[in-house]
Amino acid sequence: FSSASGGKVYGYNNISEAAGLVVAQANPARQKIWFHNPGANDVIIAPANVQNVLGTAPTQPSNNALTISNANKGGGILVYANGGTLEITGECQGAWQALAVTGAGTTNPLTVIDSNI
C-alpha cells in the first residue's frame with residue numbers, strides 16, 4: 001500500500017447528542033480505522049454516506065448523506081462507554097461521524113486512529 005503516514009490520531013472532547021460530528025475525513029489510502037470511547041457515555045459511529053436513503057431499499061449503489069440522530073440510528077454502530085472500541089478494516093475510506101447517545105450532553109470524548117497500512 002502507498003501513502004504510509006505513521007498513522008493519524010484524532011482526539012475529541014466535544015461529541016454531542018445534538019448532531020453528528022465528522023471525526024475522520026475521507027481518506028482514499030485508509031486501510032484501517034479505530035474508534036475508542038474513553039468516556040462515561042455510549043457513542044454512535046456512522047459513515048457520512050450510506051448506499052440508500054434512510055428507510056428505503058437500495059436500488060443501486062450510490063453515496064447518500066447520512067444524518068445520524070438519536071431518533072434515526074440506522075447506519076450507526078454503538079461504541080460502549082468506559083473503553084469500548086470499534087475497528088473497521090478494508091473498505092473504510094469514506095468520512096466517519098460520531099454522535100453521543102441521548103442524555104450524554106455535549107462534552108463526550110472520543111479517540112480516532114486512522115491508518116494507511
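**Exercise 1. Which residue forms a salt bridge with K32, and how far apart are the closest N and O atoms?**

Work this one through on the predicted model shown above.

Step 1. Start from the side chain of K32 and look for a carboxylate partner: the salt bridge goes to E87, with 3.9 Å between the closest N and O atoms. The cut-off is 4 Å, so this pair counts as a salt bridge.

Step 2. Place both ends in the fold. K32 belongs to strand β3, while E87 belongs to strand β8 (residues 84–89). The two are 55 residues apart, so the bridge links distant parts of the chain.

Step 3. Check how open each end is. K32 has a relative accessible area of 23%, which makes it partly exposed. E87 is partly exposed too, at 46%.

Step 4. Look at the strands themselves. β3 and β8 run antiparallel and are joined by 6 bridges. Within that ladder, E87 of β8 is the bridge partner of W34.

**Exercise 2. Find the salt bridge made by D114, and decide whether its two ends are buried or exposed.**

Step 1. Follow the D114 side chain to R30: the N to O distance is 2.9 Å, and the two form a salt bridge.

Step 2. Locate the ends. D114 lies in strand β10 (residues 108–115), and R30 sits in the loop between β2 (21–24) and β3 (32–37). That is a link between distant parts of the chain, 84 residues apart.

Step 3. Now the accessibilities. D114 comes out at 2%, so it is buried. R30 is buried as well, with a relative accessible area of 0%.

Step 4. Tally up: the count for the model is 2 salt bridges.

**Exercise 3. Sort the strands into sheets and name the edge strands of each.**

Step 1. Take stock of the elements. The chain has 10 strands and 0 helices.

Step 2. Trace one open sheet. Its 4 strands come in the order β1-β10-β3-β8, and the pairing is antiparallel. β1 (8–15) and β8 each have a single partner strand, so they stand at the edges with one side lacking a neighbour in the sheet. On average, neighbouring strands here are turned by 15° against each other, direction ignored.

Step 3. Trace another open sheet of 4 strands, also with antiparallel pairing, in the order β2-β9-β4-β7. Here β2 and β7 are at the edges; each has a single partner strand, so one side of each has no neighbour in the sheet. From one strand to the next, the twist averages 35°.

Step 4. Zoom in on one pair from that sheet. Strand β4 (residues 43–47) and strand β9 (residues 96–100) run antiparallel, with 5 bridges between them. One position to look at is P47, which stands opposite W96 in β9.

**Exercise 4. Work out what the side chain of N70 does in its loop.**

Step 1. Find N70 in the loop between β6 (64–65) and β7 (77–79). Its relative accessible area is 18%; buried means under 20%, so N70 counts as buried.

Step 2. Look for backbone atoms beside its side chain. A polar atom of that side chain lies 3.1 Å from the backbone oxygen of A100. On the T102 side, the backbone nitrogen is 3.0 Å from a side-chain polar atom of N70.

Step 3. Widen the view. Setting aside neighbours within four places in sequence, N70 contacts E17, I44, L99, A100, V101 and T102.

**Exercise 5. Describe the surroundings of V112.**

Step 1. V112 is a residue of strand β10, and its relative accessibility of 0% makes it buried.

Step 2. Jump along the sequence: V9 is 103 residues away from V112, yet their C-alpha atoms are 5.7 Å apart in space.

Step 3. Collect the contacts. Beyond four places in sequence, the partners of V112 include V9, Y10, V23, I33, W34 and F35.

Step 4. Set this against the whole chain. Of the contacts between residues at least 6 apart in sequence, 80% join residues at least 24 apart. Buried residues account for 38% of the 117 in the chain.

**Exercise 6. What is unusual about the phi of N82?**

Step 1. Recall the background: most residues other than glycine have a negative phi.

Step 2. Compare N82: its phi is positive, about 60°, although N82 is not a glycine.

Step 3. Place the residue. N82 is in the loop between β7 and β8, and at 63% relative accessibility it is exposed.

Conventions. Residues are numbered from 1 along each chain as its sequence is written. This is a predicted model: local features need pLDDT of at least 70, side-chain atom pairs count only at pLDDT 80 or more; totals for chains, interfaces and linings use all residues. Side-chain values use heavy atoms; hydrogens and water are left out. Buried means under 20% relative accessible area, exposed over 50%, partly exposed in between (1.4 Å probe, protein chains only). A polar contact is a pair of N or O atoms within 3.5 Å; within protein, one must be able to donate a hydrogen and the other to accept it, and residues adjacent in sequence count only if both atoms are side-chain atoms. Contact means heavy atoms within 4.5 Å. Two strands pair if DSSP finds at least two bridges between them. Axes are lines fitted to C-alpha atoms, for helices over the stretch in contact, and angles run from 0 to 180 degrees between N-to-C directions.
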